[in-house]
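Open the structure in your viewer and set it to a cartoon view. Keep the selection tool at hand, since each stop on this tour begins with a selection.

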Amino acid sequence: MSISFSKLLAFSLSVTLLLSLFGCGKQTPSAVAPPSEPPSVADETTDTTDTTDTATPPTPPSPTPVTATTPESSPLPDVHPVNLSIPESAAVSDDYFADAIFIGNSRTEGFVLYSGLSNVRALDAIGLTVKTAFSKPLITMDGQKLTVMDALAKQSFSKVYIMLGMNELGWVYGSVFQEDYGKIIDRIREINPNATIFIQSILPVSKEKSASHPTDNNPRIAEYNNLLRDLANEKNVYFLNVAEAIADENGDLPADASTDGMHLIPDYCKKWLAYLKTHTI
């Protein structure tokens, strides 16, 4: 049986095609490129991918520091220097006190009796306190018993000298003493808004008495005097440190200034008056 040339040619082409498709022929393998190196950290940071939405926002600039300025102090009032001791000046005569009223306890009683001040007017009582000045009728006037503050309202005056605090040293809260003292000042101003008011410091006691008494002692008196200085500042009135006129170098009442370590003998009442006469406005 004879095979036509055309069939033989078709068979040869088919075999050749199959060999090329299935790689059965002997071929030299092509070289395979080695795997590339993993990207380094530097490569990650230099990635050109757009990271606008995820990038760390820039640090805002530090605010410009502002320098604080201290406000200028307000000038002291012309009429009442705030919490300033009145400087010593030439002594005035007794007439200076003609329009003055003294308010106080038994120490003020002694001052009235023994200082030698003529025509002195006082509203004083043994045991008087900043509370009983309003509550107890201790003053006799025109046949009536009145409280100190009610009696004050019935008189004319231009100056008021107050010395209270000795009988309040045993109070639990010094702030209550200070508050009630302030009410006296407020009431004086209601009666006479133009009155000049002097807070006198509480006088010290003797060293012996100070050491033996739980409340009537000089450390406690110093504490109360500090409260009075603060009150003078708050209420805009004068503070007179009368204690410096009679105290010794240690701040105690001299032993010879009193017979009981508290109340002044006449000579020291005169020193008290001499201080007032040289500390006026």
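The tour goes from the whole protein to a strand, then to three helices.

**The whole chain**

Keep in mind that this is a predicted model. Begin with everything selected. The protein has nine helices and seven strands. Of its 281 residues, 38% count as buried. The accessible surface comes to about 17,400 Å², and carbon and sulfur atoms make up 56% of that. Among the contacts with a separation of 6 or more, 69% are between residues 24 or more positions apart.

**Stop 1: strand E1**

Select residues 100-104, which form strand E1. Are the residues of E1 buried or exposed? Five of the five are buried. Show the side chains and look at their directions. Ala100, Phe102 and Gly104 point one way, while Ile101 and Ile103 point the other way.

Now add strand E5, residues 159-163. E1 and E5 run parallel and are joined by five bridges. One residue to check is Ile103, whose bridge partner in E5 is Ile162. Next add strand E2, residues 122-124. E2 also pairs with E1 in the parallel sense, over three bridges. Here Phe102 of E1 stands opposite Ala122 of E2.

**Stop 2: helix H3**

Move on to residues 106-114, helix H3. Its buried residues are Ser106, Arg107, Thr108, Gly110 and Phe111. What covers these residues? The cover includes strands E1, E2 and E5, together with helix H9.

Zoom in on the start of H3. A side-chain oxygen of Asn105 reaches to within 3.1 Å of the backbone nitrogen of Arg107. Then go past the other end of the helix to Gly116, which follows H3 and has a positive phi, near 90 degrees.

**Stop 3: helix H9**

Select residues 266-277 to see H9, the helix that was part of the cover of H3. H9 has 12 residues. From its first C-alpha to its last it reaches 17 Å, close to the 16 Å expected at 1.5 Å a residue. Color its buried residues: Tyr268, Cys269, Trp272, Leu273, Tyr275, Leu276 and Lys277. They pack against E1, H3, E5, E6 and E7.

**Stop 4: helix H8**

Finish with residues 218-235, helix H8. How far apart are the end C-alpha atoms of H8? They are 25 Å apart, which agrees with the 26 Å that 18 residues should span at 1.5 Å a residue.

The buried residues of H8 are Asn218, Arg220, Ile221, Tyr224, Asn225, Leu227, Leu228, Leu231, Ala232 and Lys235. Turn the view to look down the axis of H8. The buried residues fall within an arc of 165 degrees, so they line one face of the helix. On the other side, Pro219 and Glu234 are exposed.

To see what the buried residues of H8 pack against, show helix H6 (174-191), strand E6 (196-200), helix H7 (207-212) and strand E7 (238-240). Two of these, E6 and E7, also pack against the buried residues of H9.

Last, check both ends of H8. At its start, a side-chain oxygen of Asn217 reaches to within 2.9 Å of the backbone nitrogen of Arg220. Just after H8 comes Asn236, with a positive phi of about 60 degrees.

Methods: Residues numbered from 1 in each chain as written. Predicted model: local features only at pLDDT ≥ 70, side-chain atom pairs only at ≥ 80, totals over all residues. Heavy atoms only, no water. Helix = DSSP H or I, 4+ residues; strand = E, 2+ residues; numbered from the N terminus. Expected span 1.5 Å × (residues − 1). Buried < 20%, exposed > 50% of the residue type's maximum accessible area, 1.4 Å probe, protein only. Arc of directions from axis to C-beta. Contact = heavy atoms within 4.5 Å. Polar contact = N/O pair within 3.5 Å; in protein donor to acceptor, adjacent residues only side chain to side chain. Areas by Shrake-Rupley, 256 points an atom, 1.4 Å probe, with all protein chains shown as cover. Pairing = 2+ DSSP bridges.
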